[in-house]
Amino acid sequence: MLTPLFHIVFFAFILFSNQVAAHAVVMGHSLKIAPIQPHQKTQVTLSFNSKIEVGLSQAFLVKVGDEHESLKVFKGDRQGQMIVGIPPLEPGNYAIRLKVLAADGHLTEDIIRFVVADSER
């Protein structure tokens with residue numbers, strides 16, 4: 001027999017489960033299949049698990065020394081997709097720091113680290 005506590009927890013889960021999944025979480029990005037080449041302007045495509053407000057979201061390039069540079073963001077071809085413009089970069093370690101607003105108003109911050117490899121190696 002199920003306890004009253006189980007019923008309370010179960011109904012709370014049902015009521016709040018849509019709010020738990022409401023945050024815009026990065027589900028994939030193009031860096032996995034197309035690494036950034038040195039000295040070339042490019043774009044990174046990010047896919048999220050929910051609708052996002054691209055116009056109210058931000059992306060920053062993080063360089064060694066915690067130097068931040070604002071990046072341009074664009075709406076992707078699909079719902080929940082954002083494209084980030086990346087300037088030409090020297091070989092080295094970098095990150096994209098994200099502040100993404102989900103369509104339901106939840107703000108999510110994330111960071112994606114990547115390496116620009118020296119093409120002469």
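1. In strand 6, what is the bridge partner of Phe74? The partner is Ile83.

2. A word on the basis of this note. This is a predicted model, in which local features need pLDDT of at least 70, side-chain atom pairs count only at pLDDT 80 or more, and totals for chains, interfaces and linings use all residues. Residues are numbered from 1 along each chain as its sequence is written, and side-chain values use heavy atoms, with hydrogens and water left out.

3. Now the terms. Strands are DSSP runs (E, at least two residues), numbered from the N terminus. Two strands count as paired if DSSP finds at least two bridges between them.

4. One open sheet has four strands in the order 1-2-6-5, and its pairing is antiparallel. Strand 1 (26–29) and strand 5 (73–75) stand at the edges. Each has a single partner strand, so one side of each lacks a neighbour in the sheet. From one strand to the next, the twist averages 30° (axes are lines fitted to C-alpha atoms, and angles run from 0 to 180 degrees between N-to-C directions).

5. Strand 5 and strand 6 (residues 81–86) run antiparallel, joined by three bridges. The Phe74 and Ile83 pairing links these strands.

6. Another open sheet of four strands follows the order 4-3-7-8, again with antiparallel pairing. Its edge strands are strand 4 (67–71) and strand 8 (107–116), and each pairs on one side only. Neighbouring strands here are turned by 25° against each other on average, direction ignored.

7. Ten bridges hold the antiparallel pairing of strand 7 (residues 92–101) with strand 8. In strand 8, Asp110 is the bridge partner of Leu98.
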